[in-house]
Amino acid sequence: MISGPRQSDGRQLTSLATPIALTQLAQVAVSTTNIALMGTLGVAEVAAGGLAMVLFNQIRTMCVGLITGTGNQVATVVSQGEKRGRGVDAEVRDVVRSSFLIATIAGLLGGVLLIGLGWSLQWLGQDASVLGEARPMMVALAPGLLPCLWFQVLRQYTVGMQRPQALLLVTLGSVALNVVLALGFMHGWAFLPELGLTGVGVATSLVFLITFGVFWAMVRRDAKLGATLPLRMWPVRMATVRDELKLGTPIALTYGSEAGMFSVLALVMGSLGAAALAAHNVVYQIVYIVFQVAIGLSHGSSILVSKAVARDEYPHARSVAWLALRYAGVVVAVTGVAYVVAPDWVLRPFLADSDSATVELAHSLLLIAIVLQFFDAAQNIGVGLLRGLKDTQAGFRLSLVGYWGVGLPTALLLAFPAHLGAAGVWWGLTAGLATTAVLMLRRYFTLLHLREQEYPRVLAGSLGH
């Protein structure tokens, strides 16, 4: 067992986190350009297309959660093989096959659910004309869920093998391809059918399919990755499927819980007025962009923890956690300086023509966002660290306490009885994220300490036999 942090921790975390973070930012660019393209069609199309995209992204996020543990499973198998000095190609293929099976079933069920929502939302008070525009786009988006999830399986596989660099190149290409295809299907260019808003959905599904195909070919040609990438999706061991679902289901529920809290708080903001909702949406989008860096740190640190724990290197796992938190602190500090020194510059792309009340409120929310961003990053890193220990169920329980037990009630109390309005909602959100971060990190370090204490006894027992 090593006695302290490794010299290469920073390089390893950076090499893992950077392409993942940049890939996440590129994916945000796809959704942002889709919204911009919808805006060229009209306000009604933005409302309908925005609704379809929100529902698709909610379903996709929870489905992705089911297979997020694949990278940790692969990293654990590889590290255990290295520790024991034996090959693990068959075990890695088994994990990837199981993940593809889960992704396929989740994609089919998610697509059916998305289409069904297009007709069921009429009973929840949604505008009939908006739903009429949204339904064809939902049908067009539904098939894209399958290749989207297959791409995520490959993504987790490459991250688990510590070779995620190709991700960025593929995703950047998908941004450009999405714009070209969406414009073609929207307006009927280059002999394509003119589909209007639905064309955005068709283009998105095609981009998911093409992106998966290109990424598959790139992974297959890689000497290291291609050697353990299964060429057929059978046979599948149900024991491995159960292990992945045991790890992934709480992650999916955690993602759903977090998204649900943000959705409820958006409704609260709406009750405070149009200016509050507009300021909230804009600053939330800015924070969401920065949050993609935290996702990279979360995935990168999670993989490094999985490898360290598989080798019983508990001090190393501890140093990785602190390193990820320090990196998050640096990112928050740099962006925080921009929020304080040049808030108008930060807000200009979103609020160029807005009224002074909205801009003033956005300024105050930006200042709160400096604190919120760190705890948001810390709780996401905490989720990744616990995933590295394969303790995703605790992560889900703790997120319920932080988000719903502390965050939402605090936001409501500060917004209304305390009369802090929109700022109260954001301070409540910050309190919820801070609570979740503290609980998750305390759980992680406690589990590490317990395993470190047990390791000498386990080692002595194995040597005795």
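**Why is it called that?**

Colleague: Why is Arg163 called partly exposed?
Modeller: Arg163 has a relative accessible area of 34%. Buried would need under 20% and exposed over 50%, so a value in between is called partly exposed. Keep in mind that this is a predicted model.

Colleague: What makes Asp222 and Arg163 a salt bridge?
Modeller: Their side chains meet at 2.9 Å, N to O. The cut-off is within 4 Å, so the pair counts. The partners come from distant parts of the chain, 59 residues apart. Asp222 is in the loop between helix H8 (197-221) and H9, while Arg163 is in the loop between helix H6 (145-160) and helix H7 (166-187).

Colleague: And why is Asp222 called buried?
Modeller: Asp222 has a relative accessible area of 19%. Buried means under 20%, so Asp222 gets that label.

Colleague: How many salt bridges does a search of the whole structure find?
Modeller: Five salt bridges. One of them joins the side chains of Arg237 and Asp94 at 3.1 Å, N to O. That distance is within 4 Å, so the name fits.

Colleague: Which parts of the chain does that pair link?
Modeller: Distant ones, 143 residues apart. Arg237 is in the loop between helix H9 (223-228) and helix H10 (238-271), and Asp94 is in helix H4 (residues 89-120).

Colleague: Are Arg237 and Asp94 buried or exposed?
Modeller: Asp94 counts as buried because its relative accessibility is 10%. Arg237, at 49%, is partly exposed; exposed would take over 50%.

Colleague: What about Glu452 and Arg318: how do you know that their side chains meet in a salt bridge?
Modeller: The N to O distance is 2.8 Å, and within 4 Å is what the term asks for, so they qualify. Glu452 belongs to helix H16 (residues 421-464) and Arg318 to helix H12 (residues 314-341), 134 residues apart. Glu452 is buried because its relative accessible area is 19%, whereas Arg318 is partly exposed at 24%.

Colleague: How do you know that the count of disulfides comes to zero?
Modeller: Take Cys63. The closest cysteine sulfur belongs to Cys148 and is 8.8 Å away, too far for a bond. A disulfide needs the sulfur atoms within 2.5 Å, so Cys63 and Cys148 do not form one. By this rule the count is zero.

Colleague: Are Cys63 and Cys148 buried or exposed?
Modeller: Cys63 counts as buried at 10% relative accessibility, and Cys148 counts as buried at 3%.

Colleague: On to the outside. What makes the nonpolar surface patch?
Modeller: Leu169, Leu206, Leu209, Ile210, Val214 and Met218 make a patch of about 490 Å². A patch residue needs over 30% relative accessible area; Leu169 has 60%, so it clears that cut-off. With over 50% required for exposed, Leu169 is therefore called exposed too.

Colleague: Which helix gives the most to the nonpolar patch?
Modeller: H8, with five residues. Leu169 is found in helix H7.

Colleague: Last one: why is Gln152 called buried?
Modeller: Gln152 has a relative accessible area of 8%, and under 20% is the cut-off, so Gln152 is buried. The residue is found in helix H6.

Colleague: What does Gln152 touch, not counting residues up to four places away in sequence?
Modeller: Gln27, Val64 and Ile67. Contact means heavy atoms within 4.5 Å, so that is what "touches" stands for with Gln152.

Methods:
Residues numbered from 1 in each chain as written. Predicted model: local features only at pLDDT ≥ 70, side-chain atom pairs only at ≥ 80, totals over all residues. Heavy atoms only, no water. Helix = DSSP H or I, 4+ residues; strand = E, 2+ residues; numbered from the N terminus. Buried < 20%, exposed > 50% of the residue type's maximum accessible area, 1.4 Å probe, protein only. Patch = residues over 30% accessible without salt bridge, like charges linked within 9 Å, V, L, I, M, F, W, Y side chains within 5 Å. Areas by Shrake-Rupley, 256 points an atom, 1.4 Å probe, with all protein chains shown as cover.
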